[in-house]
Amino acid sequence: MKYLFAAVMLASAVVGFSEAASAAGGCGPGWYRGPYGGCRPMAARGPVVVVEPAAPVVVVRPRVCPYGFRWYAGRCRPF
């Protein structure tokens, strides 16, 4: 009878701790609270991939000066 009681106590302790560990302070499974309170991934989860947004495309209009002129100091100037 004492072995059955010990087995039930051990099983309830394991179940109780596993649910608390998966919550991890409200961060969800696979995450834990960091030193400043933010959620951080656990090491077993693998590397974290950060995808940055694409840089905006800037199209510069080419400067076209008439024949006999060249672009110099911010405007078209004669040779």
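Read along the sequence, the protein chain of this predicted model follows the pattern α-β-β-β-β. Its secondary structure therefore amounts to one helix and four strands. Helix H1 covers residues 2-23, and strand E1 covers residues 31-33. Strand E2 spans residues 39-41, strand E3 spans residues 69-72, and strand E4 spans residues 75-78.

**Confidence**

The protein chain has an average pLDDT of 77, and 78% of the residues score at least 70. Among the elements, helix H1 has the lowest mean pLDDT, at 67, whereas strand E4 has the highest, at 89. Where pLDDT is low, the predicted coordinates should not be read in detail.

**The hairpin of E3 and E4**

Strands E3 and E4 pair in the antiparallel sense, and four bridges connect them. Together they form a hairpin with two residues between the strands. One residue of the turn, Ala-73, has a positive phi of about 55°. Which residues face each other across this pair of strands? Trp-71 has Cys-76 in E4 as its bridge partner, and Tyr-72 stands opposite Arg-75 in E4. In a regular strand the side chains alternate between the two faces of the sheet.

**The disulfides**

How many disulfides does a search of the whole structure find? The search finds two. The table sets out their values.

| Disulfide | S to S distance | Angle about the S-S bond |
|---|---|---|
| Cys-27 and Cys-39 | 2.2 Å | -85° |
| Cys-65 and Cys-76 | 2.1 Å | -85° |

With the bonded cysteines of the protein chain numbered in sequence order, the pairing is 1-2, 3-4.

The sulfur atoms of Cys-27 and Cys-39 lie 2.2 Å apart, and the link of these two residues is left-handed. This pair links distant parts of the chain: Cys-27 belongs to the loop between H1 and strand E1, while Cys-39 belongs to strand E2, twelve residues apart. Are Cys-27 and Cys-39 buried or partly exposed? Cys-27 counts as buried because its relative accessibility is 15%, which is under the 20% cut-off. Cys-39 has a relative accessibility of 39%, so Cys-39 counts as partly exposed.

The link of Cys-65 and Cys-76 is also left-handed, with -85° about the S-S bond. Cys-65 is found in the loop between E2 and E3 and Cys-76 in strand E4, so this disulfide ties together parts that are eleven residues apart in sequence. Cys-76 counts as partly exposed because its relative accessibility is 28%. Cys-76 thus takes part in a disulfide with Cys-65 and is the bridge partner of Trp-71.

**The chain as a whole**

What share of the 79 residues in the protein chain is buried? Buried residues make up 6% of them. The protein chain exposes about 7,500 Å², and carbon and sulfur atoms supply 67% of this area. Among contacts between residues at least 6 apart in sequence, 0% join residues that are at least 24 apart.

Methods: Residues are numbered from 1 along each chain as its sequence is written. This is a predicted model: local features need pLDDT of at least 70, side-chain atom pairs count only at pLDDT 80 or more; totals for chains, interfaces and linings use all residues. Side-chain values use heavy atoms; hydrogens and water are left out. pLDDT is the predictor's confidence in each residue, from 0 to 100. Two strands pair if DSSP finds at least two bridges between them. A disulfide is a pair of cysteine sulfur atoms within 2.5 Å. Buried means under 20% relative accessible area, exposed over 50%, partly exposed in between (1.4 Å probe, protein chains only). Contact means heavy atoms within 4.5 Å. Accessible areas come from the Shrake-Rupley method with a 1.4 Å probe; for residues, only the protein chains shown count as cover.
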